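Please consider the sequence and the three-dimensional structure shown below. The paragraphs after them offer a guided reading.

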Amino acid sequence: MLTANSLSIWQFLSAFPAMLAGRRHHRAALRIELAQLFEVEVGRIVLFDSGRAAFAALLQLHGVEPGDEVVVPAFTCVVVPNQVPPTGATLRFVDVGRDSLNFDWLALDAAITPRTRVVVVPHNFGIACEVPTWLREKQRHVRFVDDAAHGFASKCDGQWLGTYHDGAFFSFEYSKNLTGGIGGMALLPAGSELPPTVLPELPCGDEWRLAATLKAHLLSARWPLLGRCTMAAVRRLGLVYRSGDGEVRDGEPHPPRAMPLLSAVLLRRQLPTLAAAIAYKQQLAVRYQRALAALPSVQQWPAPAGTHWVRYPFALPFAVADKAALARQLSAVSGLNIGVWFDDVIHPAGSFRHGYVAGSAPHGERLAASVLNLPMNIALKADAHLERKLARLTRALAELLGQHKDPA
């Protein structure tokens, strides 16, 4: 695995002595620094232990209640729809566009009803988009909330993602653009505020489990064998910190908690190097784009110049029955960590369906069966070694495409 995309080992190690300054200090400082980054008032920045907790808070902010409808893209992670049923509102999946990772605006317009209160706008892989002005003016009763879990610090037409709609939620989980191990943030719309709430704290033991898990992720990104051994040891010792099985299996909502101290410190460590990390990932994206361009039938997506990639997506021209197996095969051949986000319209495969009817979102299902992705990590050197890995990947893909074209 390649995660902790923008976190260096030094930033991780230096976080521990800094934790002595305490939760209150670091959370307050982080809110100020994030507000300065996004050029918004500090009151619009609210910290949580997860992005989904931030989404639940935005549903509360917009007064979602029984009788309302919340539209979620049919190409998302299960933790997003999990937050809707507790409000009493009806959850409805709407397909993504044919050639897009996000909504087709005309199709979304047609899907909106007088009951629709909130639409969750995806920005998958960090590719930011903006709801057209005509749609917002036509559907004035709707609040458009950004799912910015993949897109922290991405820009669309020079605007920070999360600042131009009706609020946004961000994730700082292990695999996201910035990582606190866990953690999330709500960016409230201008002039809004949430009622003051004292959130429960993560137990001290869980903070250390979080640190142990994150250390294994960091090592995996740099020395895969050492990382795998470390993760195996962490698992054996029962020190893995992850989401509850009930969220995936049963669709349980996530109980909100305060952002952990370790997460707040780690995020503060990464902010000063954020611009350099984004620029570096954009260089990686250019290399990936050039390499995959040799295979015209492999789909890629245009992205704004200010994209902060969380992974680099590409799609095969056919459905893959076992995408995880193919990703492992391509990873072994190329030496690159190939990912499978999303492997179902409600990721991960096998998670709670929330009433989704198979076949009702054909474009999302096609993406789930054909999209793979490449790593974006500051530990991945953009050098000749990477070029050789990409050459091996494109040869393997070309062979695969040839087999699909002529199975005999």
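What follows is a walk through selected places in this structure.

The coordinates come from a predicted model, and every value quoted here is computed from it. A suitable place to begin is helix α9, which spans residues 261-270. Eight of its ten residues are buried, so the helix is largely enclosed by the rest of the structure. The buried residues are Leu-261, Leu-262, Ser-263, Ala-264, Val-265, Leu-266, Leu-267 and Gln-270. The cover over these buried residues includes α1 (9-18), α2 (23-38), α6 (204-222) and α10 (274-292).

From this helix the reader may turn to strand β6, residues 143-147, where Asp-146 is located. Asp-146 is a buried residue that takes part in no salt bridge. The nearest side chain of opposite charge belongs to Arg-136, at a distance of 7.9 Å. A salt bridge requires the nitrogen and oxygen atoms to lie within 4 Å, so a separation of 7.9 Å does not qualify. The side chain of Asp-146 does, however, make a polar contact of 2.7 Å with the side chain of His-165. Leaving aside residues up to four places away in sequence, Asp-146 touches Val-121, His-123, Leu-161, Gly-162, His-165, Gly-167, Ala-168 and Phe-169.

Charged side chains elsewhere in the model do pair. Side chains of opposite charge can do so when their charged atoms come close. The model contains 14 salt bridges. One of them links Arg-249 with Asp-250, whose closest N and O atoms are 3.0 Å apart. Arg-249 is exposed, with a relative accessible area of 53%, while Asp-250 is partly exposed at 33%. Through salt bridges with shared partners, Arg-23, Arg-27 and Glu-201 are joined into one network. Another pair is formed by Glu-173 and Lys-176, with 3.1 Å between the closest N and O atoms. Here Glu-173 is partly exposed at 29% relative accessibility, whereas Lys-176 has a relative accessible area of 10% and is buried. A further salt bridge connects Arg-44 and Glu-41, with the closest N and O atoms 3.8 Å apart. Arg-44 counts as buried because its relative accessible area of 10% falls under the 20% limit.

Strand β3, residues 76-77, contains Thr-76. With a relative accessibility of 2%, Thr-76 is buried. Apart from residues up to four places away in sequence, Thr-76 touches Pro-81, Asp-147, Phe-342, Asp-344, Val-345, Ile-346 and His-347. The last of these, His-347, is joined to Pro-348 by a cis peptide bond, with omega at about -5°. Pro-348 belongs to the loop between β12 (346-347) and α12 (362-370).

The backbone has further points of interest. Most residues other than glycine have a negative phi, and most peptide bonds are trans. Phe-125, in the loop between β5 (116-122) and α5 (133-138), has a positive phi near 65°. Phe-125 is buried, at 1% relative accessibility. Ala-153 likewise has a positive phi, near 70°, and lies in the loop between β6 and β7 (155-156). Its relative accessibility of 3% makes Ala-153 buried.

Open space within the model also deserves attention. The second largest pocket holds about 650 Å³ of space. Its lining is made up of 23 residues, and those nearest its centre are Val-46, Leu-47, Phe-48, Thr-197 and Leu-199. The elements that contribute two or more residues to this lining are α2, β1 (45-48) and α3 (51-61).

The final stop is Ile-378, in the loop between β13 (371-375) and α13 (384-405). Which residue lies 375 residues away from Ile-378 in sequence and 9.8 Å away in space? That residue is Thr-3, the distance being taken from C-alpha to C-alpha. Ile-378 is partly exposed, with a relative accessibility of 27%. Not counting residues up to four places away in sequence, the residues that Ile-378 touches are Asn-5, Ser-6, Leu-7, Ser-8, Arg-222, Ala-277 and Tyr-280.

How values were computed. Residues numbered from 1 in each chain as written. Predicted model: local features only at pLDDT ≥ 70, side-chain atom pairs only at ≥ 80, totals over all residues. Heavy atoms only, no water. Helix = DSSP H or I, 4+ residues; strand = E, 2+ residues; numbered from the N terminus. Buried < 20%, exposed > 50% of the residue type's maximum accessible area, 1.4 Å probe, protein only. Lys, Arg positive; Asp, Glu negative; His and termini not counted. Polar contact = N/O pair within 3.5 Å; in protein donor to acceptor, adjacent residues only side chain to side chain. Contact = heavy atoms within 4.5 Å. 1 Å grid on protein atoms, 1.4 Å probe; cavity = no way out; pocket = protein on both sides within 12 Å on 5 of 7 lines; lining within 4 Å. Points joined across faces, edges and corners; volume = space filled by probe spheres on them.
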